[in-house]
Amino acid sequence: MRFLAGFFAGLVWSNWIEYAYHRWAMHWPSLYQPAAMRHALHHSAPSNPQHITMTFGFWTAIFITNVLLFAVPDQLLHLRILTGVAAAFLTYIVVGIEVHLRIHDGRWVPDAWKAHHLSHHVRPQKNFNIFLPIFDWLLGSKNLSFSRMS
């Protein structure tokens, strides 16, 4: 049961990290200009895999940082959820990178995921989560005007 609780917490947390980084670092140049400049290249040539900025290297650094952040309260509070958190984070990283690549190179992904992400390229201030729009819904950045895109 603790593994499942940790997995759920890790899934929500990794979704938040993706959302926050994409919304405020990649779309707010005054906060982190290098990320915003690289991401602008992605918006100018979305099918070019060299411009997909949330790479495995980026996520590896985020993963290590977050495991360390979760390790302290996990140990102090005897939660024993760290394994689930780490498993969810790794799963989210791999799925997120793969889904993002598939959306832009034309391979199959569920239509809803594709529509959600491609509408971000039409309206860059909406739909910051790549495929799982938890925080787009919660924070009001979900673009509802595109129900289906090809």
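In which helix is His-43 found? In this predicted model, His-43 belongs to helix 2. With a relative accessibility of 22%, His-43 counts as partly exposed, because the class of buried residues is kept for values under 20%. Leaving aside residues up to four places away in sequence, His-43 touches His-27, His-120, His-121 and Pro-124. One of these partners, His-120, is 77 residues away along the chain, yet the C-alpha atoms of His-43 and His-120 are separated by 9.3 Å.

The contacts of His-43 lead on to the packing of helices. Two packed helices are described by the angle between their axes and the distance between the axes. For helix 2 and helix 5, which spans residues 111–122, the axes come within 10 Å and cross at roughly 105 degrees. Helix 2 is therefore roughly perpendicular to helix 5. Where the two helices meet, helix 2 brings His-39, His-42 and His-43, and helix 5 brings His-117, His-120 and His-121. Sorted by class, this contact holds six polar residues, with no nonpolar and no charged ones.

Helix 2 (residues 33–44) also packs against helix 1 (residues 2–25), at an angle of about 90 degrees and with the axes 9 Å apart. This pair, too, is therefore roughly perpendicular. Tyr-21, His-22 and Ala-25 make the contact from helix 1, while Ala-35, Ala-36, Arg-38 and His-39 make it from helix 2. The residues in this contact divide into four nonpolar, two polar and one charged. His-39 thus appears in the contact with helix 1 and also in the contact with helix 5.

Arg-38, another residue of helix 2, deserves a short look as well. Its relative accessible area is 37%, so Arg-38 is partly exposed. Gln-50 follows twelve residues further along the chain, and the C-alpha atoms of Arg-38 and Gln-50 are separated by 9.7 Å.

Attention now turns to helix 4 (residues 82–105). This helix has 24 residues and reaches 34 Å from its first C-alpha to its last, close to the 34 Å expected at 1.5 Å a residue. Its buried residues are Gly-84, Val-85, Ala-86, Ala-88, Phe-89, Tyr-92, Ile-93, Gly-96, Val-99, His-100, Ile-103 and His-104. A general point helps in reading such a list: an α-helix has 3.6 residues a turn, so residues three or four places apart point the same way. After helix 4 comes Gly-106, with a positive phi near 90 degrees.

Aromatic rings complete the picture. A pair of aromatic rings is described by the distance of the centres and the angle of the planes. Across the whole structure, eleven aromatic pairs are found. One of them joins Phe-63 and Phe-89, whose ring centres are 6.1 Å apart and whose planes stand at 45 degrees, so the pair is tilted. Phe-63 sits in helix 3 (residues 56–76) and Phe-89 in helix 4, so this pair ties together parts that are 26 residues apart in sequence. Phe-63 is buried, with a relative accessible area of 18%, and Phe-89 also counts as buried, at 2% relative accessibility. Elsewhere, ring pairs link Trp-16, Tyr-19, Trp-24, Phe-128 and Phe-135 into a cluster.

Key: Residues are numbered from 1 along each chain as its sequence is written. This is a predicted model: local features need pLDDT of at least 70, side-chain atom pairs count only at pLDDT 80 or more; totals for chains, interfaces and linings use all residues. Side-chain values use heavy atoms; hydrogens and water are left out. Rings of Phe, Tyr and Trp (its six-membered ring) pair if their centres lie within 6.5 Å; planes under 30 degrees apart count as stacked, over 60 as edge-to-face and the rest as tilted. Helices (H or I, at least four residues) and strands (E, at least two) are DSSP runs, numbered from the N terminus. Buried means under 20% relative accessible area, exposed over 50%, partly exposed in between (1.4 Å probe, protein chains only). The expected span of a helix is 1.5 Å times one less than its number of residues. Axes are lines fitted to C-alpha atoms, for helices over the stretch in contact, and angles run from 0 to 180 degrees between N-to-C directions. Angles under 35 degrees count as roughly parallel, over 145 as roughly antiparallel, 65 to 115 as roughly perpendicular and the rest as oblique. Contact means heavy atoms within 4.5 Å. Ala, Val, Leu, Ile, Met, Phe, Trp, Tyr, Cys and Pro count as nonpolar, Asp, Glu, Lys and Arg as charged, and the others, Gly among them, as polar.
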